[in-house]
Amino acid sequence: MLTAKETRESFKAFFASRQHRILPSAPMVIKGDPTLMFTNAGMNQFKDIILGNVAPGCLRVADSQKCLRVSGKHNDLEEVGQDTYHHTMFEMLGNWSFGDYFKREAIDWAWEYLTDVLRLNPERLYATVFEGNKAESLERDEEAAAYWGKHLPETHILGGNKKDNFWEMGDTGPCGPCSEIHIDLRPEEERQNKSGAEWINKDHPQVIELWNLVFMQYNRKTDGSLEPLPAKVIDTGMGFERLCMAIQGKTSNYDTDVFQPLIQAIAALTGFAYGENKQKDAAMRVIADHIRTIAFSITDGQLPSNAKAGYVIRRILRRAVRYGYTFLECREAFIHRLLPVLIETMGDAYPELSEQKILIEKVIKEEEESFLRTLETGIRLLDRKIEEAKAAGSRLVSGFDAFTLYDTFGFPLDLTELILREHGMKTDVNEFNAEMQKQKERARNAAAIETGDWVVVKEGDSKFVGYDFPESESDILRYRKIKRKNKELYQIVLNQTPFYAEKGGQVGDTGWLISDKEKITVIDTKSENNLSVHLTEKLPDDPTVTFIARIDREKRIRCECNHSATHLLHEALREVLGAHVEQRGSYVSPESLRFDFSHFQKLTDGELRKIERLVGEKIRADFKLEEHRSVPVAQAKEMGAMALFGEKYGEEVRVVKYGSSIELCGGTHIPSTGMIGTLRILSESSIAAGVRRMEAVTAEAAENYFFFHQDIIRELRALLNNVPNLIQTIRKSIDENAEMKKQLEAYAKERAMQMKKEILSLAVERNGVKIIQYTGKGNADFMKDVAFQIKKEAKEHVVFIAGLTEESKCTLMLMLSDSLVNEGYSAAQLVKDAAGHIQGGGGGQPHFATAGGKYINGLPKATEAVIESLGLK
């Protein structure tokens, strides 16, 4: 019986022996594709090849790809851990052909690998083929069925409908029939009673799909019609975890050696054995699944956050914490302690896990501790809602409140329901679902982009010439109309372009497409599937003419200054802080730069100054740009270039060198560092555990930053009569001000004591109650202090009432002794009732309340009304 590690390697070895190039897994977190946040299938990294935007470097490839799915046809996050086969992160074993072999080889090799190499029982295997679709005039895939007929009896070759056996990349794009290989893992007795054919695609946990062979032979257009693809593509994907279950004779993915080491580690940490309690077992499966997703996301550069992909990762991490909290009684962070076990099981295939162990542990631990605090807060809020409902005689907490707990605090509905059941209560699930649907619709509408079909003007490939030229003579290859937030825009592809498309943290170029008759403004340039797409608000009147494509050179230069500065900054950070510093993200615009890096503590002022000085030295050295294009990755690393985790590199890369700074980079850069002028750090802060963010400006923006602060200093000097030592003078002024403040506070207290004596002398007694009344000018805060002094000394029934005037406003103030409050009187209610006389409103507490108004002449009636309400007139 093969182990998981051996199974993975056997797949690669099999296809390597059939002239496939074995590629490393692409990052699980996707950059440069606006349609996807995560790699959700093995084909994602080959999307630009399949779409025809890039020529394949090799016609046959195979790999084991890290994938993440949290929604969709077979992937509901809430099902993960509840059954035997749902996962968030999973591995997809796959082989591809780009215009080389097709159905016969794909089917024959799949059969050979499963039955000859892995020794799976052929009698337990089934294949589905596309049964055809009359509405689209698509015939049954007889070709695939014939090839399967060489290996399987007819009873094991089943027809599948369009939903199950016709694969499509999206609403438009490459598509084609597919053939799924299923395996029946049920006990022999069950197989004899009912054929596995009856369970295919019926969600039976032991009759499962192993491998999907996709035969891409069509292109779906916007109008729904199909046209043949010029180069047919084979795209296969086999679930690694399911395959291990079949090989190892298990009935659950979680019982294989892929997950069991993690599950047993969870059992040891929590003190609960696996297999004795359904809820605790589910919790252990959830945590074992989610630790993989979280760890790999962090290695690929995606930290938990409150936005987009980061929010998905945070949600998954919090789900794991919550299951541990609810079912395994984990009140302290513990998930990060599973990382050594994960590295032991997967570190050989994915060395990035061990290389980034410290960062992964710190990020997970901090997120765990933060959410545990949030859980406590959420429980307190839910307790308050429970008390409010009970006080109102209800056994129902609104679905809106349950959704607020979910949306704001990550408090899942099932946890809310669990706590409510303990109190004999429930929530309105329909209302919760309605609120959830509203949120999904808001998100969908915000992200919705309607795209039309590409209109092909000329055939050809698109080439970027912007490293060498700020403008070029260019022809439009294709264009299409898009609608985004109800605004019509156009996407244009040129045969050659100087416009840099946004990627790698650098914003896209803007500029113009100029012909003899018009000048079209390019408002942005994006990279979609390795294609530079120019965004305009207007389509040229004649798309067939040749244009001058010209970038906004001034904006580009400012961008290049900031981009090149990030390279110098990266090197300076490593020199000052240590070699553990690695880039974790960046953003480069014409205005400023942002650089995220791994480091575990706040930088001191001295470190920041040293970094600025080092960067300044490198700028003044005026290092010339040394650029090496189309360098093999291995050679680039030998040159000393740093490869960043989470970045996808091709077989050949571009190396950018300034002095001793050497990096792999596809962005545009300044010809020499002297053009940067200077760099000034604006801020340095933490954005996640072990990750810091630095923001800075260069060139003219740095000068403006300097001028701004220089002007402030000049104005301060002028205010302080141009004293020679500004800092000393300001410090002296602060000290003097603090001393004067103390004196004023002492005087105010003394004045309050004196005022209290004067006011007490005005006291009269009625019905056993001492009434102290003051009317006149006065500050409300000062008089409040007097009132509380009187209350503090009160040993009997005391009422203090004041009518104060200050400029054009007035205040009614009332203080009652505790003895009067205990008899049922409320200063808040009395003041509220009397506030109408001064055309105002107010409130407070039972013992003290105020009301503000604008009708000063009404103060006498207001104070009289209070006294009358107390029965003391």
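Start by selecting Asn-721: just after helix α20, Asn-721 takes a positive phi of about 60 degrees. The model on screen is predicted.

**Helix α20**

Step back from Asn-721 and select residues 699-719, which make up helix α20. The helix has 21 residues. From the first C-alpha to the last it reaches 31 Å, close to the 30 Å expected at 1.5 Å a residue.

Now show the side chains of Phe-708, Ile-712, Leu-716 and Leu-719. These residues form a nonpolar patch on the surface, and together they have about 390 Å² of accessible area. Leu-716 has its place in helix α20 and counts as partly exposed, at 31% relative accessibility. An α-helix has 3.6 residues a turn, so residues three or four places apart point the same way.

**The four-stranded sheet**

Next, select β23 (583-588) and β28 (679-688). They belong to an open sheet of four strands in the order β23-β24-β29-β28, with antiparallel pairing. β23 and β28 stand at the edges with a single partner strand each, so one side of each is left without a neighbour in the sheet. Neighbouring strands of this sheet are turned by 15 degrees against each other on average, direction ignored.

Add strand β24 (residues 593-598) to the selection. β23 and β24 run antiparallel and are joined by five bridges. For a single pair to display, take Val-588, whose bridge partner in β24 is Leu-593. Strands of a sheet pair through backbone hydrogen bonds, either parallel or antiparallel.

**Strand β8 and its partners**

Move to strand β8 (residues 207-220). Of the 14 residues of β8, 12 are buried, so the strand is largely enclosed by the rest of the structure.

Select strand β7 (residues 173-184) alongside β8: the two run antiparallel, joined by 10 bridges. Glu-180 has Asn-212 in β8 as its bridge partner.

Then select strand β9 (residues 226-239), which pairs with β8 in the antiparallel sense over nine bridges. Here the bridge partner of Tyr-218 is Pro-228 in β9. β8 and β9 form a hairpin with five residues between them. In the turn, Gly-224 has a positive phi of about 90 degrees.

**Salt bridges**

Stay on β8 and select Arg-220. Arg-220 forms a salt bridge with Glu-136, and their closest N and O atoms are 2.7 Å apart. Arg-220 lies in strand β8 and Glu-136 in the loop between β4 and α4, so the pair ties together parts that are 84 residues apart in sequence. Arg-220 is buried, with a relative accessible area of 7%, whereas Glu-136 is partly exposed, with a relative accessible area of 23%.

Now select Asp-141 and Lys-103. The two form a salt bridge whose closest N and O atoms are 2.9 Å apart. Asp-141 lies in the loop between β4 (125-130) and α4 (142-149), and Lys-103 in helix α3 (residues 103-117), so this pair ties together parts that are 38 residues apart in sequence. Are Asp-141 and Lys-103 buried or exposed? Both Asp-141 and Lys-103 are buried.

A third pair to select is Asp-348 with Lys-5, a salt bridge with its closest N and O atoms 3.4 Å apart. Asp-348 lies in the loop between α11 (339-346) and α12 (352-355), and Lys-5 in helix α1 (residues 4-16), so the pair ties together parts that are 343 residues apart in sequence. Asp-348 is exposed, with a relative accessible area of 65%. Lys-5 counts as partly exposed, at 32% relative accessibility.

Then select Arg-124, Asp-184, Arg-186, Glu-188 and Arg-191, which are linked in a network of salt bridges. Side chains of opposite charge can pair when their charged atoms come close. How many salt bridges are there by this rule? The count comes to 55 salt bridges, with a side-chain nitrogen of Lys or Arg within 4 Å of a carboxyl oxygen of Asp or Glu.

**The whole chain**

Finally, zoom out and select everything. The secondary structure of the chain comes to 25 helices and 35 strands. Taken along the principal axes, the C-alpha atoms fill a box of roughly 115 × 75 × 55 Å. Buried residues make up 50% of the 873 residues in the chain.

How values were computed
Residues numbered from 1 in each chain as written. Predicted model: local features only at pLDDT ≥ 70, side-chain atom pairs only at ≥ 80, totals over all residues. Heavy atoms only, no water. Expected span 1.5 Å × (residues − 1). Buried < 20%, exposed > 50% of the residue type's maximum accessible area, 1.4 Å probe, protein only. Patch = residues over 30% accessible without salt bridge, like charges linked within 9 Å, V, L, I, M, F, W, Y side chains within 5 Å. Areas by Shrake-Rupley, 256 points an atom, 1.4 Å probe, with all protein chains shown as cover. Pairing = 2+ DSSP bridges. Axes fitted to C-alpha atoms, helices over the stretch in contact; angles between N-to-C directions.
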